[in-house]
Amino acid sequence: PTKVIVVAKAHPRVLILGFSEAGMLLNRSQSDVAAAIAIQGFREPAIDVSRIARRLMLRFDDVDVVDRSDPLAIARMQLRQRFAGGSDEILQPPTPQDAQAIIEFAQSLGELNGTLLCQCHGGISRSSAAALLCLATWTPPGNEAYCVEYVRSARSGAAPHPDVVAFGDELLGRKGRLNEALQEASM
């Protein structure tokens with residue numbers, strides 16, 4: 001088991017929601033959402049976060065980065081593309097730049113007074129990965145299991161997007177520990 005280090009510094013509350021849930025929350029007059037990360041796929045509707053002063057809007061789909069040397073991975077991607085609607089528009093996987101934007105946004109929040117909303121279409125994969133990277137940014141190395149547990153308790157069924165997590169793990173210098181903590185939590 002991974003040893004959890006007690007986090008010395010408090011961090012903002014993180015809320016992970018899907019499109020409809022986030023829309024209902026933001027339409028309420030009483031909300032403590034002070035910052036938002038909104039992730040929209042190329043065929044998904046965008047949520048209106050214009051009333052939130054501190055916001056990051058990203059655009060990528062809930063698809064894996066394809067290993068071009070793996071014929072099976074290429075075939076799966078082509079099937080998923082056809083299933084997604086068959087248009088000429090290609091589904092876009094996340095990039096290291098997306099993970100970097102999440103980390104920089106988390107760093108910019110400093111002493112956020114309120115809740116950080118992480119939102120994607122379903123509230124399961126991309127938004128939970130964004131939340132995980134924010135938590136890893138705010139906590140020192142050794143707290144990876146804490147970060148994963150926080151995400152899992154914040155969103156039932158959370159399954160952080162593996163490529164976003166892998167990019168963030170590398171950018172944060174966690175040497176695979178975020179990925180390991182995710183794997184251990186799913187056993």
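This passage describes helix packing, burial, an aromatic pair and selected loop residues in a predicted model.

The model is predicted, so that local features need pLDDT of at least 70 and side-chain atom pairs count only at pLDDT 80 or more, while totals for chains, interfaces and linings use all residues. Residues are numbered from 1 along each chain as its sequence is written, and side-chain values use heavy atoms, with hydrogens and water left out.

Helices are DSSP runs (H or I, at least four residues), numbered from the N terminus. Helix 4 covers residues 126-138. At 1.5 Å a residue, its 13 residues should span 18 Å, the expected span being 1.5 Å times one less than the number of residues. The end C-alpha atoms of helix 4 are 19 Å apart, which agrees. Of the 13 residues of helix 4, 13 are buried (under 20% relative accessible area, with a 1.4 Å probe and protein chains only; exposed is over 50%, and partly exposed lies in between). Helix 4 is therefore largely enclosed by the rest of the structure.

Two packed helices are described by the angle between their axes and the distance between the axes. Axes are lines fitted to C-alpha atoms, for helices over the stretch in contact, and angles run from 0 to 180 degrees between N-to-C directions. The axes of helix 3 and helix 4 come within 9 Å and cross at roughly 50°. The two helices are therefore oblique to each other (angles under 35 degrees count as roughly parallel, over 145 as roughly antiparallel, 65 to 115 as roughly perpendicular, and the rest as oblique). The crossing of helix 3 over helix 4 is right-handed (the near helix is turned clockwise from the far one by less than a right angle). On the helix 3 side, the contact (heavy atoms within 4.5 Å) involves A99, I102, I103, A106, Q107 and L109. Helix 4 contributes A130, L133, C134, T137 and W138.

Helix 3 also meets helix 6, with axes that come within 9 Å and cross at roughly 65°. This crossing of helix 3 and helix 6 is right-handed. P96, A99, Q100, I102 and I103 of helix 3 make the contact with V164, F167, G168 and L171 of helix 6.

Helix 6 spans residues 162-171, and D163, V164, V165, F167, G168 and D169 are buried in it. The buried residues of helix 6 pack against helix 3 (96-109), helix 4 and helix 7 (177-185). D163 has 17% relative accessibility and so counts as buried. Residues up to four places away in sequence aside, D163 touches V63, D64, V65 and P94.

Most residues other than glycine have a negative phi. Just after helix 6, G173 takes a positive phi of about 70°. K175, a residue other than glycine, has a positive phi near 55°. K175 lies in the loop between helix 6 and helix 7 and, at 72% relative accessibility, counts as exposed.

P140 is located in the loop between helix 4 and helix 5. With a relative accessible area of 40%, P140 is partly exposed. P140 and R174 are 34 residues apart along the chain, and their C-alpha atoms are separated by 9.6 Å.

A search of the whole structure finds one aromatic pair (rings of Phe, Tyr and Trp, the last by its six-membered ring, with centres within 6.5 Å). The ring centres of Y146 and Y150 are 6.2 Å apart and the planes lie at 55°, so the pair is tilted (planes under 30 degrees apart count as stacked, over 60 as edge-to-face and the rest as tilted). Y146 and Y150 are four residues apart in helix 5 (residues 144-154), and are therefore separated by about one helical turn. Y146 counts as partly exposed at 25% relative accessibility.
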